[in-house]
Amino acid sequence: MARPVQYNNKVKTVEIPEGYSGEGFYATSFDKAIGLARKNSIWPLPFATSCCGIEFMATMAATYDLARFGAERMAFTPRQCDLLMVMGTISKKMGPIVRQVYLQMAEPRWVMAVGACASSGGIFDTYSVLQGIDQVIPVDVYVPGCPPRPEGIIDGFMKIQELVGQESLRRRNSDRYKELMESYGIK
């Protein structure tokens with residue numbers, strides 16, 4: 001008689017970083033071990049203002065489930081998050097608020113602009129709409145679409161994971177990174 005419970009024999013594990021292995025041990029660089037841990041435990045902060053926020057809700061729901069990529073904990077406080085996901089139209093009055101939220105996040109921090117409005121102002125080419133959040137904060141990944149499908153948001157999140165996994169621990173202390181922050185007026 002066959003068992004009613006079927007076990008998943010196709011378990012996919014995370015690729016181990018480059019290193020040396022032997023009988024009962026594995027050695028790799030500290031950068032790679034930290035990168036592996038960071039990329040699989042990103043805490044996103046959603047900053048949703050319009051229709052892209054609805055698509056993000058669909059991405060977090062059971063059908064697409066962003067939590068399976070390591071974004072289990074949605075936090076709505078910047079001090080506990082390391083990924084700012086800006087979704088929707090950002091007015092020029094809201095620009096300083098987005099910047100303040102970004103500055104309240106602890107280093108290392110990443111930014112994802114979701115949708116046409118957050119990336120470039122979208123169809124709102126008016127005096128009151130910010131033509132892309134990269135005018136106030138640096139952006140790591142742009143997700144196109146109006147609004148983007150949940151698959152696009154997941155793809156953008158996976159690009160962020162690649163960046164996080166490959167980033168050196170010393171990058172944030174480099175002169176190039178400091179110049180980038182100074183170009184945005186951030187010290």
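This passage describes the pockets, the salt bridges and some local backbone features of a predicted model.

The pockets make a convenient starting point. The largest pocket has a volume of about 750 Å³. Its lining comprises 22 residues, and those nearest the centre of this pocket are Val14, Glu15, Leu36, Lys39 and Asn40. Two elements, α1 (30–39) and α5 (150–166), each give two or more residues to this lining. Sorted by class, the lining of the largest pocket holds nine charged, seven polar and six nonpolar residues.

The second largest pocket has a volume of about 180 Å³. In this case 14 residues form the lining, with Trp110, Asp140, Glu167, Arg171 and Arg172 lying nearest the centre. At least two lining residues come from each of β5 (110–114) and α6 (175–183), and α6 gives the most, with three residues. The lining of the second largest pocket contains nine nonpolar and five charged residues, but no polar ones.

Several of the charged residues at this second pocket reappear when the salt bridges are considered. The model has five salt bridges in total. Among the residues involved, Glu107, Arg109, Glu167, Arg171 and Arg172 are linked in a network. Of these, Glu167, Arg171 and Arg172 were named above as lying nearest the centre of the second largest pocket.

Within the network, Glu107 takes part in a salt bridge with Arg109, at 3.5 Å from N to O, and in another with Arg172, at 3.0 Å from N to O. The second of these pairs joins two loops: Glu107 belongs to the loop between α3 and β5, and Arg172 to the loop between α5 and α6, so the pair ties together parts that are 65 residues apart in sequence. A further salt bridge pairs Arg171 with Glu167, at 2.8 Å from N to O.

How do the members of this network stand with respect to solvent, buried or exposed in part? Arg109 counts as buried because its relative accessibility is 8%, under the 20% limit. Arg172, at 13%, is likewise buried, and Glu167 is buried with a relative accessible area of 9%. Glu107, by contrast, is partly exposed at 39%, and Arg171 is partly exposed at 31%.

A charged residue with a rather different setting is Asp82, in the loop between α2 (51–60) and β4 (83–87). Asp82 is buried yet has no salt bridge. The nearest side chain of opposite charge belongs to Arg38, 6.8 Å away, and this pair does not count as a salt bridge because the cut-off is 4 Å. What does the side chain of Asp82 reach? The partner is the backbone nitrogen of Trp43, at 2.8 Å.

The backbone itself also has some details worth a look. Most peptide bonds are trans, and most residues other than glycine have a negative phi. Against that background, the peptide bond from Glu107 to Pro108 is cis, with omega near -5°. Pro108 is placed in the loop between α3 (95–104) and β5, and Glu107, on the other side of this bond, is the residue that forms salt bridges with Arg109 and Arg172. A cis peptide bond also runs from Cys146 to Pro147, with omega near -15°. Pro147 sits in the loop between β6 (141–143) and α5.

Asp65 is notable for its phi, which is near 50°, a positive value in a residue other than glycine. Like Asp82, Asp65 lies in the loop between α2 and β4. Asp82 is buried, whereas Asp65 counts as partly exposed because its relative accessibility is 29%.

Strand β4, at the end of that loop, includes Leu84. With a relative accessibility of 0%, Leu84 counts as buried. Leu84 and Met57 are separated by 27 residues in sequence, and their C-alpha atoms are 15 Å apart in space.

Note on methods:
Residues are numbered from 1 along each chain as its sequence is written. This is a predicted model: local features need pLDDT of at least 70, side-chain atom pairs count only at pLDDT 80 or more; totals for chains, interfaces and linings use all residues. Side-chain values use heavy atoms; hydrogens and water are left out. On a 1 Å grid over the protein atoms alone, a cavity is a set of points where a 1.4 Å probe fits but cannot get out, and a pocket is an open set with protein on both sides within 12 Å along at least five of seven lines; lining residues have an atom within 4 Å of a point. Grid points are joined across faces, edges and corners, and a volume is the space filled by probe spheres set on the points. Helices (H or I, at least four residues) and strands (E, at least two) are DSSP runs, numbered from the N terminus. Ala, Val, Leu, Ile, Met, Phe, Trp, Tyr, Cys and Pro count as nonpolar, Asp, Glu, Lys and Arg as charged, and the others, Gly among them, as polar. Buried means under 20% relative accessible area, exposed over 50%, partly exposed in between (1.4 Å probe, protein chains only). Lys and Arg count as positive and Asp and Glu as negative; His and the chain ends are not counted. A polar contact is a pair of N or O atoms within 3.5 Å; within protein, one must be able to donate a hydrogen and the other to accept it, and residues adjacent in sequence count only if both atoms are side-chain atoms.
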